[in-house]
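User: I'm new to this structure and would love a close look at one part of it. Could you walk me through a single helix and then its surroundings?

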Amino acid sequence: MSEPLLPTRIWDLPTRVFHWVLAVCVIGSIVSAKIGGNAMVWHFRLGYVVFTLLAFRLVWGLVGGHWSRFASFIYSPGAVLRYLRGRSRAGEHHDVGHSPLGAFSVFGLLAILSVQVGTGLFADDEIANTGPLIRFVTGDTSLALTSWHKTWGQWLIIGLVTLHVAAIVFYLLRRKRNVVRPMIVGDKPLPPGVRASADHWMTRGLAAALLTLCSIGVGWIVSLGD
């Protein structure tokens, strides 16, 4: 008989909050940019929130719950090939946290969002809106960064988000795996012995402190343009 599956904490609360708040902010940023005009005030505000979240995720990827740490989903080429061939080894747990393909998606989206936030800090739409750090670069550099921000950067983010949603639907319809529910409730039904992520008041307090420090840091960086 197969072992009974037990609810196991995979995604700690800080990771889940990060995920959903980031999703809302990215969608809001895209919509506000498309609207333009007075909505650009919210585009900048949401951009600063995304900046804060990315800084937090970078730190949380080092000290957060086990399955939220980057070390748990940085895979060797051999592990990726085994996963693609359906020959994952016992103990690799490719379907517990982020799978090898999911890891590529996560790192790609974090990287593109970081570039998008960085270019936005120096952007100039030549109408009424400029990034807070525009005075630190030349006009030509600002225009080049703005061009990336409004074209390649924007469409890469839209493309990656679309692929992310498509992957969720694929797993649900073809593999009968709901990967959204664990990101809401935190738990997955897994065999005994799978390591759970720490998710108690101490880890949540640490996350709150780190998020506060990240927000202060982002506020300071933005203020450099004053």
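User: Which helices do the buried residues of α3 pack against?

Analyst: Happy to help! Please keep in mind that this is a predicted model. The buried residues of α3 pack against α4 and α6, the latter spanning residues 152-173.

Let's see which residues those are. Helix α3 covers residues 77-84, and its buried members are A79, V80, R82 and Y83. Looking down the axis of α3, you would find these buried residues within an arc of 160°, so they line one face of the helix. A general point about spacing helps here: an α-helix has 3.6 residues a turn, so residues three or four places apart point the same way. On the face of α3 turned away from the buried side sit P77 and L84, both exposed.

What comes after the helix? α3 is followed by G86, which has a positive phi near 75°.

One of the packing partners, α4, leads us to another backbone detail. α4 runs over residues 100-120, and the loop between it and α5 (139-150) holds E126. Most residues other than glycine have a negative phi. E126 is not a glycine, yet its phi is positive, about 60°. E126 counts as exposed because its relative accessibility is 61%, and the cut-off for exposed is over 50%.

So, to come back to your helix: A79, V80, R82 and Y83 are the buried residues of α3, and the buried residues of this helix pack against α4 and α6.

Key. Residues are numbered from 1 along each chain as its sequence is written. This is a predicted model: local features need pLDDT of at least 70, side-chain atom pairs count only at pLDDT 80 or more; totals for chains, interfaces and linings use all residues. Side-chain values use heavy atoms; hydrogens and water are left out. Helices (H or I, at least four residues) and strands (E, at least two) are DSSP runs, numbered from the N terminus. Buried means under 20% relative accessible area, exposed over 50%, partly exposed in between (1.4 Å probe, protein chains only). The arc is that of the directions from the helix axis to the C-beta atoms. Contact means heavy atoms within 4.5 Å.
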